[in-house]
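Trainee: Before we discuss this model, could you show it to me and take me through the reasoning behind the labels, one at a time?

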Amino acid sequence: MNLTFKIFQWVDEVLHPKALINNEINQEDLLKLESGFLDQLKNYTEQAFIGTTLSRRHTTIQLRQLVNLSNTIYGYLICLTSGSKRKKTSSELRLIYLHLLNALEKTIAAVSQSEPKVGSKMPLTRYNYSGLKMEIKTVVINCLNILKRSPIEKKLYHLIEREFLLFINKKEINQYEVDYIWNLIRQIANLELADTSELIDILFINEFNTRSFFDFYSNDLNSRLNDIPNLHDQLLTIIAEQDRFNGLAGRKIKMFPCHVSTEDHFKTLLSNKERHLKQLIDLRRVINQDEQFSKSNHRLKIFLSVAQLGLFIRLFVEKGLLAKENIGDQFTFFASHFSTPQAPFISAESLRKKSTDVEFATAQKLKAHLIGMLNWLNENYNLSNFKGS
């Protein structure tokens, strides 16, 4: 008969409270039952774990059998405690169950110590966790009280509170998870948090890789970026965040070993944000160039230099063809609506300055243009022989 099946059958048929309480059984009989179980447990352990090279999968299966066996006997103990208090043998039987549970805990601990990678991921027995749960709950509540008094955002506090309470109320928990939460709580309790960012750093370092934490950070980052109007300043913020997290040494142990790490989540988020902002900046640059090009197409091109155009406008003003009032607005108008071959965009201030700081070559060139204009009038309107011309 399979040894695993045999010990389970024996526990189910012989050690069940109904089988023992309903029969006339004395203290000597109970001690024989205890001794018989311990002998079977020893034989099972030697055959399943000792003196054999086992695969990790096989060790996991056999260790899980011991956990299930412990949970079965613990169920007997609970049933006995709650429903059999008046039976004469209840107290003696309860003591026997406790002895068997403690023997199983020692065996499980020994196997876990020899195979730590298997043991750390194996669920704690209900008997083991029943004593540990209250202690963890007390430590968690103390940690939450510390966080509640600290100057951190309420959303982050409620997020951590929810995750901690879900942790406490898990149906199964293993040593890996206990060690993780214990270490995280100890770090939080030993720090005087100045702001939310410090707590985010601690959670990042300790691979608090819950989806809710990643969503919180993502929303917080988006909120900060929305308050920054300039895209280049937003990009600087992203680069600063990348540098911040690159300087934090994360632990290998994660809250959820099968989930993506917090470090990978954050790096992907920030990398995507950086790429998106660079694309927006490039797009804005193209749009701006298109707008400038469009504006240049709506300007009238005049084949004078900026200096010649400035002097030409000054001639109009000095000869009374343009009013002398609001001269600055007039130069702004010409700068906004005209372009030269060398200057598609003319500065109004430069145009006005060049109208007074005139070089001889500029005046000479403009005079040639004016003479050419007079010659055209003479030729086309017969003004050369006209009196007064």
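Mentor: Let us start with arginine 314, which has a relative accessible area of 16% and is therefore buried, since buried means under 20% relative accessible area, exposed over 50% and partly exposed in between, with a 1.4 Å probe and protein chains only. Please keep in mind that this is a predicted model, in which local features need pLDDT of at least 70 and side-chain atom pairs count only at pLDDT 80 or more, while totals for chains, interfaces and linings use all residues. Residues are numbered from 1 along each chain as its sequence is written, and side-chain values use heavy atoms, with hydrogens and water left out.

Trainee: What makes arginine 314 and glutamate 318 a salt bridge?

Mentor: Their side chains meet at 3.8 Å, N to O, and a salt bridge is a side-chain nitrogen of Lys or Arg within 4 Å of a carboxyl oxygen of Asp or Glu, so the pair satisfies the rule. Both residues lie in helix H14 (residues 306-318), 4 residues apart, about one turn of the helix; helices here are DSSP runs of H or I with at least four residues, strands are runs of E with at least two, and both are numbered from the N terminus.

Trainee: Why is glutamate 318 called partly exposed?

Mentor: Glutamate 318 has a relative accessible area of 46%, so it falls between the two limits and counts as partly exposed.

Trainee: Which salt bridges join residues of helix H13?

Mentor: Glutamate 263 pairs with lysine 267, the closest N and O atoms being 3.1 Å apart, and glutamate 274 pairs with lysine 278 at 3.2 Å. In each case the partners both lie in helix H13, 4 residues apart. Glutamate 263, at 28% relative accessible area, is partly exposed, as is lysine 267 at 42%. Glutamate 274, by contrast, is buried at 18%, whereas lysine 278 counts as partly exposed at 41%. The structure holds 12 salt bridges, and a network of them links Asp201, Asp220, Arg224, Glu241 and Arg244.

Trainee: Why is the pair of phenylalanine 245 and phenylalanine 266 called edge-to-face?

Mentor: A pair of aromatic rings is described by the distance of the centres and the angle of the planes. Rings of Phe, Tyr and Trp (its six-membered ring) pair if their centres lie within 6.5 Å, and planes under 30 degrees apart count as stacked, over 60 as edge-to-face and the rest as tilted. The rings of phenylalanine 245 and phenylalanine 266 have centres 5.1 Å apart and planes at 85 degrees, so the pair is edge-to-face. This pair links distant parts of the chain, with phenylalanine 245 in helix H12 and phenylalanine 266 in helix H13, 21 residues apart. Phenylalanine 245 is buried at 5% relative accessible area, and phenylalanine 266 is buried at 1%. Both belong to an aromatic cluster that also includes Phe204, Phe208, Phe213, Phe214 and Tyr217.

Trainee: What makes phenylalanine 333 and phenylalanine 334 an edge-to-face pair?

Mentor: Their ring centres are 5.8 Å apart and their planes stand at 85 degrees, so the pair is edge-to-face. Phenylalanine 333 counts as partly exposed at 44% relative accessibility, while phenylalanine 334, at 18%, is buried.

Trainee: How do you know that the charged end of lysine 121 sits over the ring of tyrosine 176?

Mentor: The rule asks for NZ of Lys or CZ of Arg within 6 Å of the ring centre and within 35 degrees of the ring normal. The charged end of lysine 121 is 5.1 Å from the centre of the tyrosine 176 ring, and it is listed as sitting over that ring.

Trainee: What is in the largest nonpolar core?

Mentor: A nonpolar core is a set of buried Ala, Val, Leu, Ile, Met, Phe, Trp, Tyr and Cys residues joined through side-chain atoms within 4.5 Å. The largest has 49 residues, and those with the most contacts inside it are Leu147, Leu156, Ile160, Phe164, Leu199 and Phe208. Apart from it lies another core, of 33 residues, among them Leu41, Leu63, Ile96 and Leu100.
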